[in-house]
Amino acid sequence: RRNDIEVLPWPAQSPDLNIIENLWNLLKDEVGPLNHIGPNQTDELVEIINEAWDRIRRRSRALLRKLYVSAKKRIQECIAKNGGHTKY
């Protein structure tokens, strides 16, 4: 409120409204299959994930803006579905 950001009276844990869920899915898609990584190859796994996150970050400003702007539609759809699942 101090920064003139409208605070929404909605559950903070609602996956339909939480844009971080979209980012996790994008990261998962960007990382791709990890079948070639063994249980003791943590350095390789961390490197793959960091590289994928860097690729996402390069385009993050537009991506985050798009997700943020979609929040109003997400809320409206969630209300219309009485808290049920949405396409988001």
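This short talk walks through helix 2, the loop before it, and the pairing of helix 3 with helix 4. Please keep in mind throughout that we are looking at a predicted model.

Let me begin with helix 2, which covers residues 42–58, and which with its 17 residues reaches 24 Å from its first C-alpha to its last, close to the 24 Å expected at 1.5 Å a residue. Which residues of helix 2 are buried? They are I48, A52 and I56, and because they cover an arc of only 75° around the axis, they sit on the same side of the helix. It may help to recall that an α-helix has 3.6 residues a turn, so residues three or four places apart point the same way. The buried residues of helix 2 are covered by elements that include helix 1 and helix 3, while the face turned away from that buried side carries D43, R57 and R58, which are exposed.

Now let me step back to the loop between helix 1 and helix 2, where we find I37. Is I37 buried or exposed? Its relative accessibility is 16%, and since the cut-off for buried is under 20%, I37 counts as buried. If we leave aside its neighbours within four places in sequence, I37 is in contact with E44, L45 and I48. The last of these, I48, is one of the buried residues of helix 2 that I named a moment ago, and I37 and I48 lie eleven residues apart in sequence and 9.9 Å apart in space, taken from C-alpha to C-alpha.

Finally, let us turn to helix 3 and helix 4. Two packed helices are described by the angle between their axes and the distance between the axes. Here helix 3, residues 60–69, and helix 4, residues 71–80, have axes that come within 4 Å and cross at roughly 30°. Helix 3 contributes L67, Y68 and V69 to the contact, and helix 4 contributes A71, K72 and R74; by type, these residues divide into four nonpolar, no polar and two charged.

Within helix 4, the buried residues are R74, I75, E77 and C78, and seen down the axis they fall within an arc of 165°, so they line one face of the helix. Among the elements that cover these buried residues are helix 1, residues 19–31, and helix 3, whereas K72, K73 and A80 are exposed on the other side of helix 4. After helix 4 comes N82, whose phi is positive, near 50°.

Notes. Residues are numbered from 1 along each chain as its sequence is written. This is a predicted model: local features need pLDDT of at least 70, side-chain atom pairs count only at pLDDT 80 or more; totals for chains, interfaces and linings use all residues. Side-chain values use heavy atoms; hydrogens and water are left out. Axes are lines fitted to C-alpha atoms, for helices over the stretch in contact, and angles run from 0 to 180 degrees between N-to-C directions. Helices (H or I, at least four residues) and strands (E, at least two) are DSSP runs, numbered from the N terminus. Contact means heavy atoms within 4.5 Å. Ala, Val, Leu, Ile, Met, Phe, Trp, Tyr, Cys and Pro count as nonpolar, Asp, Glu, Lys and Arg as charged, and the others, Gly among them, as polar. Buried means under 20% relative accessible area, exposed over 50%, partly exposed in between (1.4 Å probe, protein chains only). The arc is that of the directions from the helix axis to the C-beta atoms. The expected span of a helix is 1.5 Å times one less than its number of residues.
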